[in-house]
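Student: Got a minute to go through this one with me? I'd like to start with the charged pairs.
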Amino acid sequence: MDECQSAIPAHDGDLHVVAAAHHIVKALGTTKNLSDDLRKILIDLDAHLSLITSNIDSKGGKGFVEVEERLKRVERKIVIWESDRIMIWDSGPKEVSDYLEAVDEVQTLIDSLRGLSMNENQKQKELLHRASSLLQMAMSRLEEELIHMLVKHKQQSEPTYMPSPSSQRNVVYNESVVSLDNESAKEASSKSSRSDECGEYIVDLVPEHVIPDIKSIAKVMFASDYGQEFCEAFIGVRKEALEQHFDILENGKLSIEDVLKMEWCSLSTEMNKWTWSMKIIFRVYLMSEKRLCDQVLGEFGSVNSFCFLEIAKTTILCLLNFGEAIAMGPQEPEKLLRLLDMYETLADLVLDIDALFSEDGGSFVRLEFHKLLEGLADSVKAAFNTFRVAVSSNGSLYPFPGGGVHPLSKYVMNYISMFPDYSSTLNLLLEDQHSDVASLVSEPQCGPTASLSTSCPMACHLRSITSSLESNLHKKSKLYKDEALQHIFLMNNLHYMVQKVKGSELRPFFGDEWIRKHNAKFQQHEMNYERVTWSSVVLLLKDDNPGSSSLSKSAFKEKCKGFSIAFEEVYKNQTSWCIPDPQLREDLRISTSLKVVHAYRTFLGRNPAHVDDKCIKHTVEDVEKLLLDLFEGSPRSLRNSRRMMKT
Amino acid sequence: MTGTDQSSFLGRISIRRNQVNAMEGYHEQEIEDLELFQKQLSDRFAELLSAPDDGPTEAFLSISWIRKLVDVFLCCETECKAILLMERDAAQISKPPLDRLIPELLERVVKAMDICNAVTNGLELVRHCQKLAEIAVSALEQKPFGEGQARRAKKALVSLMSAMHVDDKESSVQKTAERSWSFGRRSGNKDRHHGHYRSLSWQVAKHWSASKQIHAMTMNLAAPRGPEASCLPAPVYILSLIIVFVMWVLIAAIPCQERSGLTTHLPINKHVNWTHSLASIHDKIGEEWKKKEKKGMAGLLYEMQKMEKLGQSLIEFTDSYQFPGEKEKLDEVAAQVAELAEVCRRMDEGLVPLQMLIREAFHRLVRNRTEFLDVLEQGGPVV
C-alpha cells in the first residue's frame, strides 16, 4: 500500500486520503481499546508518515534522522536481551509484549525503507542493512525462545487415563496345537477387555496457556519471512516428543528379520503392544498433535499439514513396518486371535488415518495403511485356514490314557469360544470362503430355514471346525484296542464339546439343533459302551432254560464264578478309565448299576437255595459299591484285595 | 529397460514354456532365455555406468541415477522370477541345489527389506538437509545482502553440515535429545549452531547395522560353476547378486544406520560377460567410499556431496562477510547460490518419488518372498 499511496500526486488521490483520515479520527474518538491489529496499522501509518515527511524535509541523508532514532531505540530493546541469560517468555508479559512490539517496529521500518525507491541513497541503504541485521538477531532469538518454550512445556508424564501396557498384556494365548499331546491345555482367559478402548482422547500436548505464546512467535516469524525456520524448530521438538511417547509405550524397535525369527511368546507380546500403541498413537497423540498444529499453524495454509506429516512420519513408519512384518510372517494358528486384534484395531482406525492425512502429501500414509489392512485380512484368513488344517491333521501315535477329554478338544473349544467376540470381523473376512464350507457342513443349520446367527459365515466355519475335530477324534479313538474305551473316549469328548457350546457365547452360532444332535451322539456312545462292556457279562447270568425254576448247584456255581471273573476283569480295566465330568460319570454309573445290579439281583433271587457265602464271591451290595470305583482314573484290582483279605 | 522390452521378454518366456514344455530341447531354450536376459542386464548396467560424473542431469549417483538403478532392480526382479517360476513345476524348485539356494535367497530378501526401510529413514535426513539448504538459499538470495542475512544463511548452513556429518552410530534417542536441546543461555553455551538440529530417529532396530547386513548377504553368494551355470542356479545367483548390489549402492549413497566397515568387496564373478559394467560401477563406488569413509559423511549421493562442497564454501563466505562486500566476490557467491538452489530443486523433485520407489521395491520384495514360499510349499516340505 505504501508505494502506491506515496506515489500518487493527483489531487483526487489526496482527497481520498483526507476523507479516509477524517474517518479514522472520527472512529478513534469513539474507541477506547485498540485491538492489536488496529494498533499495528496505526503504528505503520505513523512510521510511514514520519518517513514521508523526513523525505520531503530534506532530499539528502539528514532526513533519515528520525528513522535512525527509532531504529536506535528498538536496537537497544532487542540487543539488551542478547547479553541476558533469562528467556524473555520466562520474564513476564510486559517484557514479551515489549519485545514483540520492538520486532514489529523493526519489520515496519524495513518495510518502509524498502518501500522507498532506492535512488542510490547511502544512508537509506545503511539503515536498511542495520534493520535487517537487527531483524535476524531478533528472529534467531525468537527461534531459541520457541524451542525453549516447546521443550519446557512438553508434557512428559503419561496421561493418567492410560492403562499401563502391562495390563493389556494379560491375555496371551501362547499355546500351540503342535505341542498339545504333552501338556494339558490351559483355559484361556477372555480376550483383552474391550471396555478400556481409549476412544478419542485429545490431550494438551502443550499446556493451553502456552499456545498463544507459540502463536505469537509463529505470527512474527512468518510475517518476517522466517516461516521455514519456525517450521524446522517446531517439527524438531514435536517430532522428538512424539518419539518419546512412542518409546514409553515400550515398542521395541524391531527389524523385519527380528520379527520373523521371534519366538511366539515374545511375538504375541509385541503384537499386543502394537495393537495398543496404534490406538494410543493415533487416537491420542496424533489427534492431539493435529490439533496443536491446527492451533499454531492453522492460518498458514499448507505449512500446517506439511509440519504435521513431518512430525508423525517416522513414528508411523515404525508402526507400519511391524504390521507389515507380521502380515508377511507364517500364519500359525496360534496367531489368529492376535491377528484379529491387529486387524480390528487398524480397521477401526482407518477412517481416522484418512482424516488425519487427508492432504496430498499424506496420501502415501493413507495408501500404506489401507494396504496393511488388506494384508492383515489375508493373514487372518490364512491363520484361520491353518487352524482348521491343524485341527483335522493333529495326529497322535499313542492312545490318550484313560479315554478322557483330549487336549486337542480343550484347545479347540476354548480357542473358538473366543471367536464370538470377533464375529462381525470374522463374518466379513470369511464371507468369500463361505460357500465351500457351507457345502462341506451338510447340517440343517446352513439350510434356508436356519436362523441368522446359525447361518452366518462364522457359524458355518465354526461347525466345520468342530466337525473336523470330531473326525480327528474318531481317528484318535481307533488307537484304543478296547472298543469300550473307544466309546468312552468319544463320549467324553463329544460331551465336552456340547458343554462348551452350551455354556458360552458359541451357543447361538451352533444352534439347538446342533446341540440336540450332539447330545444324541454322545448318548449313543454311552449306550454302545454299556453294550460292549456289560452285555456279555450280564449274558453269563442268563437262564439257559427259562422253563425250569432253578439251576443245579454246580451250574449256579459255574455261572457265579464266570460272572466274578468277568466283573473283576472289567473292574481292573475300567477303574483306570476316566470320565472327568462328575455328572456324566454319575449318570453312566447309575445306568450301569441298573443294568448289572438288577441282573445280578434277579439271578441270585431266582436261586435262593444255592445262595451261601462260599460260592458267591460278591454280594449285590458289593457289586453296587464296586461300580462306584469305575472311571475314577486310578487303577485297582479286586484279586489283590481279595487275597489280602484272605490272608 | 523400457516397458515394452520387458513385456516382450516376459511374453517370450511364457509362450516358449507353453510350446516347448513337452518337447525335446527344452533345456536349450532355457539357456537361450537366460542368455537374452543376461544381455539385457548387461545393457542396463552399461547405461548406468555411462552416466557422467558431474553434470546437470543424471550424474553418477545422483537422485535420478539411483531411481534408474532401482528401476533396473525392479525389472530384473520381475524377469528373474519369470525365468524361475513361470509355468514351472514346483518340484523342480525344491530339488537340490535349489532347496538350499532359494531359502538363502529369501534370507537375503528379508535383509533387503530392512535395508529398504533404513534407507527410507535415511532419505528423511536428506530431506531435512534440503530444507536447511533452502533456508540458506533464500537468505543468500536477499537483495540487498546484509550481515543479518549472512548470519541467517550461516546458521542454516552450519546446521546442515552437522546434520550431514552426524555419526551413524549415534542414533540412540536419549543421546541426541541431550545434545540437541542442551544448548541455550542457562547452560552458558552461546553457540547457537544447534538450532536446527533434529533427532535421528532412523533406527531400524537396536544394534542393527547396515554394513553387517550386507556382509551377511554376501555369505555363500557364489557364482554357479560348471553345468549349474546354465540352469536354474544361474538366475538365483543373478537375482541374489543384484539384490545385494543394489542394496549396497543404496547404503553407500544414502545415510543409513551403522555403515562403518561397509564391505567394499562384493563377490562379483567377473568371468561372465554381463557383470562387466556392474563390476565397474562397483569398483568406482568402492573407491569413492574408501576415500570418503574416514571423514564421516552423509553418503555418496551426488546431490549431498555437491551440497556439502557448496555449503562449506558458503560458510567461509558468510564467516568473513562484511557489508556491503566486494562485487566480484558477490558475483562468485551468486553463482554458488544458484547451484545450491538447483540442487535443492532437484532434491525437491526427486526425493519423494525416490522414497516411493524404494517403498515399491520393498513391497516387491515382500511379494517376491511370498511367491517363492508358495511355490516351495507346493513343491514339498520346506526345511
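**Salt bridges and patches**

Tutor: Sure. Helix α24 (residues 582–606) of chain A holds both A:Glu586 and A:Arg589, which sit 3 residues apart, about one turn of the helix. Keep in mind that this is a predicted model.

Student: And how far apart are the closest N and O atoms of A:Glu586 and A:Arg589?

Tutor: They are 3.9 Å apart, and the two residues form a salt bridge.

Student: Is A:Arg589 buried or exposed?

Tutor: Buried: its relative accessible area is 9%, and the cut-off for buried is under 20%. A:Glu586 is partly exposed at 35%.

Student: OK, chain B. What does B:Lys68 pair with?

Tutor: B:Lys68 makes a salt bridge with B:Glu58, with 3.1 Å between the closest N and O atoms. This pair links distant parts of the chain: B:Lys68 is in helix α3 (residues 63–85) of chain B, while B:Glu58 is in the loop between α2 (26–49) and α3, 10 residues apart.

Student: How many salt bridges does the structure hold over all chains?

Tutor: 54. Some are linked in a network made up of B:Glu77, B:Lys81, B:Glu360, B:Arg364 and B:Glu371.

Student: Switching topic: which residues form the nonpolar patch on the surface?

Tutor: A:Ile24, A:Leu28, A:Leu38 and A:Leu45, with about 280 Å² of accessible area together. Helices α2 (11–30) and α3 (36–57) of chain A each supply at least two residues of that patch.

Student: Last one: where does helix α12 of chain A bend?

Tutor: At A:Ile281, by about 35°. That helix is mostly covered, with 29 of its 34 residues buried.

Notes:
Residues are numbered from 1 along each chain as its sequence is written. Chains are lettered from A and ligands numbered from 1 in the order in which they are written. This is a predicted model: local features need pLDDT of at least 70, side-chain atom pairs count only at pLDDT 80 or more; totals for chains, interfaces and linings use all residues. Side-chain values use heavy atoms; hydrogens and water are left out. The bend at a residue is the angle between axes fitted to the seven residues ending there and the seven starting there. Helices (H or I, at least four residues) and strands (E, at least two) are DSSP runs, numbered from the N terminus. Buried means under 20% relative accessible area, exposed over 50%, partly exposed in between (1.4 Å probe, protein chains only). Patches are made of residues with over 30% relative accessible area and no salt bridge: like charges are joined within 9 Å, nonpolar side chains (Val, Leu, Ile, Met, Phe, Trp, Tyr) within 5 Å. Accessible areas come from the Shrake-Rupley method with a 1.4 Å probe; for residues, only the protein chains shown count as cover. A salt bridge is a side-chain nitrogen of Lys or Arg within 4 Å of a carboxyl oxygen of Asp or Glu.
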